[in-house]
Amino acid sequence: MREAFIAMNDLVLARLAERGHGDVRAAHAAVFQYLDDTGTTVSTLAERAQITKQAMAELVHHLEARGYLLRTPDPHDRRAKLVRPTERGQEVVAIAQSLVPQLEERITSVLGADRVEALRSDLETIRRIARS
């Protein structure tokens, strides 16, 4: 399962690089996948990604320096800053999301619809077992 995930992730990163986002790395998914549209604090991002605040702050800093993210004051907490995607960051998310149907179609064409449905069911079972 891990190797399949890495292969699909590498494909997404290659597509991002082809579209001008070669500085986005696999580790940056921990930021993009947990980022709310209205903004998210570094602490919340770190908690969601299950990494330290320091590690998340480094990822955010890297992406902010490259124009993917913007930190703005939190209107509800003067001490906090909200991390928000810039237009460039939104483009990365859109590209990654647009690849999902393409990958699913490709997998279905190779495995067949019945096996893909069985795979989805098996993965859901594994997810449930891991959470119990």
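Asp-36 is partly exposed, with a relative accessible area of 30%, and in this predicted model the side chain of Asp-36 meets that of Arg-48 in a salt bridge with an N to O distance of 3.1 Å. Asp-36 belongs to the loop between helix 2 and helix 3, whereas Arg-48 sits in helix 3, so that the pair, 12 residues apart, links distant parts of the chain. Arg-48, at 33% relative accessibility, likewise counts as partly exposed, because its value falls between the 20% limit for buried residues and the 50% limit for exposed ones.

## Overall architecture

The secondary structure of the protein chain amounts to 6 helices and 2 strands, and these elements follow one another along the sequence in the pattern α-α-α-α-β-β-α-α. Taken along the principal axes, the box filled by the C-alpha atoms of the protein chain is roughly 55 × 40 × 20 Å. Of the 132 residues of the chain, 28% count as buried. When contacts with a separation of 6 or more are considered, residues 24 or more positions apart account for 48% of them.

## The nonpolar core

In soluble globular proteins, nonpolar side chains tend to be buried together. Here, the largest nonpolar core comprises 23 residues, and those with the most contacts inside this core are Val-31, Met-56, Val-60 and Leu-69. Two or more residues of the core are given by each of helix 1 (2-18), helix 2 (29-32), helix 3 (42-49), helix 4 (53-65) and helix 5 (87-111). Which residues does Val-31 touch, if those up to four places away in sequence are not counted? The partners of Val-31 are Leu-45, Met-56, Leu-59, Val-60, Leu-63 and Leu-69, and of these Met-56, Val-60 and Leu-69 are themselves listed with Val-31 among the residues with the most contacts inside the core.

## The loop between helix 3 and helix 4

Gln-50 lies in the loop between helix 3 and helix 4, where its backbone adopts a positive phi of about 60° although the residue is not a glycine. With a relative accessible area of 73%, Gln-50 is exposed, because exposure is assigned over 50%.

## The largest pocket

Rolling a probe the size of a water molecule over the atoms shows where empty space is left. The largest pocket of the model has a volume of about 1600 Å³, and of the 36 residues that line this pocket, the closest to its centre are Phe-5, Met-8, Asn-9, Val-100 and Leu-103. At least two residues of the lining are supplied by each of helix 1, helix 2, helix 5 and helix 6 (113-131), and the largest share, 10 residues, comes from helix 5. By residue class, the lining divides into 26 nonpolar, 5 polar and 5 charged residues. Helix 1, helix 2 and helix 5 thus appear both among the elements that give two or more residues to the largest core and among those that supply at least two residues of the pocket lining.

## Salt bridges

Side chains of opposite charge can pair when their charged atoms come close. How many salt bridges does the structure hold? The structure holds 8 salt bridges, including the three set out below.

| Acidic residue | Basic residue | N to O distance |
|---|---|---|
| Asp-36 | Arg-48 | 3.1 Å |
| Asp-77 | Arg-79 | 3.3 Å |
| Glu-104 | Arg-120 | 3.3 Å |

In the pair formed by Asp-77 and Arg-79, Asp-77 counts as partly exposed at 24% relative accessibility, whereas Arg-79 counts as exposed at 76%.

The side chains of Glu-104 and Arg-120 also meet in a salt bridge, and this pair links distant parts of the chain, with Glu-104 in helix 5 and Arg-120 in helix 6, 16 residues apart. Glu-104 is partly exposed, with a relative accessible area of 38%, and Arg-120, at 41% relative accessibility, is partly exposed as well. Beyond these individual pairs, salt bridges that share partners join Glu-124, Arg-127 and Arg-128 into one network.

Glu-104 also takes part in a backbone relation between residues separated along the chain: the C-alpha atoms of Glu-104 and Val-116, which are 12 residues apart, are separated by 8.7 Å.

Note on methods
Residues are numbered from 1 along each chain as its sequence is written. This is a predicted model: local features need pLDDT of at least 70, side-chain atom pairs count only at pLDDT 80 or more; totals for chains, interfaces and linings use all residues. Side-chain values use heavy atoms; hydrogens and water are left out. A nonpolar core is a set of buried Ala, Val, Leu, Ile, Met, Phe, Trp, Tyr and Cys residues joined through side-chain atoms within 4.5 Å. Buried means under 20% relative accessible area, exposed over 50%, partly exposed in between (1.4 Å probe, protein chains only). Helices (H or I, at least four residues) and strands (E, at least two) are DSSP runs, numbered from the N terminus. Contact means heavy atoms within 4.5 Å. On a 1 Å grid over the protein atoms alone, a cavity is a set of points where a 1.4 Å probe fits but cannot get out, and a pocket is an open set with protein on both sides within 12 Å along at least five of seven lines; lining residues have an atom within 4 Å of a point. Grid points are joined across faces, edges and corners, and a volume is the space filled by probe spheres set on the points. Ala, Val, Leu, Ile, Met, Phe, Trp, Tyr, Cys and Pro count as nonpolar, Asp, Glu, Lys and Arg as charged, and the others, Gly among them, as polar. A salt bridge is a side-chain nitrogen of Lys or Arg within 4 Å of a carboxyl oxygen of Asp or Glu.
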